Amino acid sequence: MKIESLRLFHVRMPLVAPFETSFGRSTERECLIIALQADGLTGYGECAADSSPGYSYETTGTAWHILKDFIAPLLLGQDVRDAQDFQQRVRVIKGHPLVKAGVEMALWDWIGKRDGLSLRALLGGQRERVPVGVSVGLQETPAALVGRVEQYLAQGYGRIKIKIKPGRDVEDAAAVRRAFPGILLQVDANSAYSLETARRLLPLDDLDLLLIEQPLAEDDLWDHAGLQREFRTPLCLDESIVSLRHARQALEMRACRVINIKAGRVGGLSQALAIHALCQEQGIPVWCGGMLETGIGRASNLALASLENFRLPGDISASERYYSRDITHERFVLNSDSTIDVPTGPGLGVTVDEAALAQFTLARVDLAPS
Ligand code: OSB
Ligand code: MG
C-alpha cells in the first residue's frame, strides 16, 4: 500500500470510575488514535501511551513527537507491504514500542479491510469468544475493595485481578479471598516492590492465586528469577517483557511461569505473535493484558486473545467498565460465561464514531508527503 496520509488524534476520555494502581490514580485516559490512509481505505490504530510515564516511559507527548518527526517521514508516500516491512523501516528508531504498535495496528486494520479478512483471521486466531476478567484498582479500604469485587462478580466476571502496592497487599488479597473462596483471583504490583520488600508478599502463597504479576522493576529479570524460587505461586511478567528476546531470556532464567502479552508493550502485534509462539512451544501459558483501551485497541486485544495459547482470561472487560461513551460505534458486552465476542468484520471490525472522536480530541495533525 502506498501511504497517502497519517492523521493523529490526541484523545482524552473520562473513565466511568477512577482507576488507581501502584503508580498513580487516573480519572481519565489519554491515548493517540492513528488514521492511516491508502488507496481509498482508512486503517485505525491506537497508541496506548498515557498522559504520564507511570507504566511506561512513553507518554502521549513522546508518542506524538516520535510519530510526527520520525515514524511518519519513513512511511509517507512509501509502499509499505505489511507489518514486517513496517518493523524493518522503523528499526532505526530505538525503543518507543507503544507508538510503533499503534501504527502497526493501523496497518493490520487497513490490510484486513483491503482483503476482506478479520484481524482474528489474519493473526490465525481460533476462538470466536474469549474468556475475560476485570482489573480492579486500589480502593480506600479492604472492605470497599470487597464491595467493588462483589459488583463485578454480579456482572458476570469470572476472574478478578486486584492491584497491590506496599502496605496494601496481603491484607487486601486475603479479604477478597475470604469473601469469595472459589473465584479465580490474581494480583498485579506494577513493579512497586524491591527484592527485600517483596518478601512480605510470601503469605500470598496461601491464597490460591492464579499468579502474581510484576512485583519487581521492569528492567529486572534476574531478581524476578530469584523471587520466583521463593514462591509456589507463578510469577507473571508484564512490564519486563518488552521484546521476543526478553521473553526468551525470562523463560531461560525462569523469571516467571506465565507471560502477560500486550501488543503495545512489545512494539506491535507482529512481536506479540512471536512471543505467543515461543511460549506455546515451551508450554508457558499467556494471557492478554489491557491498558484501558478505547474500542479500537479493545478490538485488537480481542483478536489477539483468540489465539490458542492465550490460556488464561484477559484484562479485556466490557466497554461499560471503562467508558460511558466510546469512540467506536460498537460497544463490547460481557457474555454470561465471562467471555466477549471477537469482532468478525474486516480488519479490527469496528467503525469509528467521528462525532465522539471529535468530542474527545485535544489536538490533531494531518501528515502528508511533503
Ligand atoms: O498493569 O495491567 C496493567 C492499565 C493500564 C496500564 C497497565 C495495566 C492496566 C490494567 C488495566 O491493569 C487492564 C484493563 O485494560 O482493563
Ligand atoms: Mg500489569
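**Exercise 1. State where Asp208 lies, whether it is buried or exposed, and what its phi is.**

Solution. Begin with the place: Asp208 is found in the loop between helix 7 and strand 8 (212-213), where helices (H or I, at least four residues) and strands (E, at least two) are DSSP runs numbered from the N terminus. Next, take the accessibility: Asp208 counts as exposed because its relative accessibility is 61%, given that buried means under 20% relative accessible area, exposed over 50%, and partly exposed in between, with a 1.4 Å probe and protein chains only. Last, look at the backbone: the phi of Asp208 is near 55 degrees, which is a positive value in a residue other than glycine. Most residues other than glycine have a negative phi.

Before going on, note that this is a predicted model, in which local features need pLDDT of at least 70 and side-chain atom pairs count only at pLDDT 80 or more, while totals for chains, interfaces and linings use all residues. Residues are numbered from 1 along each chain as its sequence is written, chains are lettered from A and ligands numbered from 1 in the order in which they are written, and side-chain values use heavy atoms, with hydrogens and water left out.

**Exercise 2. Describe the place of Leu292, its phi and its accessibility, and then name the residues that come nearest to ligand 1.**

Solution. The loop between strand 11 (286-288) and helix 11 holds Leu292. The phi of Leu292 is positive, near 55 degrees, in a residue other than glycine. Leu292 counts as buried because its relative accessibility is 14%. Turning to the ligand, 15 residues are around ligand 1 (each with a heavy atom within 4 Å of it), and those that come nearest are Ser135, Lys163, Asn190, Leu292 and Tyr322.

**Exercise 3. Which atoms of Asp188, Lys262 and Met291 lie 3.0 Å, 3.2 Å and 3.3 Å from an oxygen atom of ligand 1?**

Solution. Take the residues one by one, using the cut-off for a polar contact, a pair of N or O atoms within 3.5 Å; within protein, one must be able to donate a hydrogen and the other to accept it, and residues adjacent in sequence count only if both atoms are side-chain atoms. For Asp188, a polar side-chain atom is 3.0 Å from an oxygen atom of ligand 1. For Lys262, an N or O atom in the side chain is 3.2 Å from an oxygen atom of the ligand. For Met291, by contrast, a backbone N or O atom is involved, at 3.3 Å from an oxygen atom of ligand 1.

**Exercise 4. Work out how Gln139 is placed and what surrounds it.**

Solution. First, Gln139 belongs to the loop between strand 5 (134-136) and helix 5 (142-155). Second, Gln139 counts as buried because its relative accessible area is 18%. Third, its side chain reaches the backbone oxygen of Gly137 at 3.0 Å. Finally, if residues up to four places away in sequence are not counted, Gln139 is in contact (heavy atoms within 4.5 Å) with Ala144, Leu145, Arg148 and Arg168.

**Exercise 5. Describe helix 1, from its bend to the residue that follows it.**

Solution. Helix 1 (residues 60-75) bends by about 40 degrees at Leu67, the bend being the angle between axes fitted to the seven residues ending there and the seven starting there. Its buried residues are Thr60, Ala63, Trp64, Ile66, Leu67, Ile71, Ala72 and Leu75. Among the elements that cover these buried residues are strand 1 (5-21), helix 2 (83-89) and helix 3 (97-115). After helix 1 comes Gly77, which has a positive phi near 80 degrees.

**Exercise 6. Describe the domains and the largest nonpolar core.**

Solution. The chain is divided into domain 1 (5-116 + 350-363) and domain 2 (121-341), with bounds that come from an automatic or database domain assignment. Their centres, taken over C-alpha atoms, are 22 Å apart, and 38 residues of domain 1 are in contact with 45 residues of domain 2. A nonpolar core is a set of buried Ala, Val, Leu, Ile, Met, Phe, Trp, Tyr and Cys residues joined through side-chain atoms within 4.5 Å. The largest one has 92 residues, and Ile162 and Ile259 have the most contacts inside it. Helix 11 (residues 295-305) gives the most to this core, with six residues, and the core draws at least three residues from each of the two domains.
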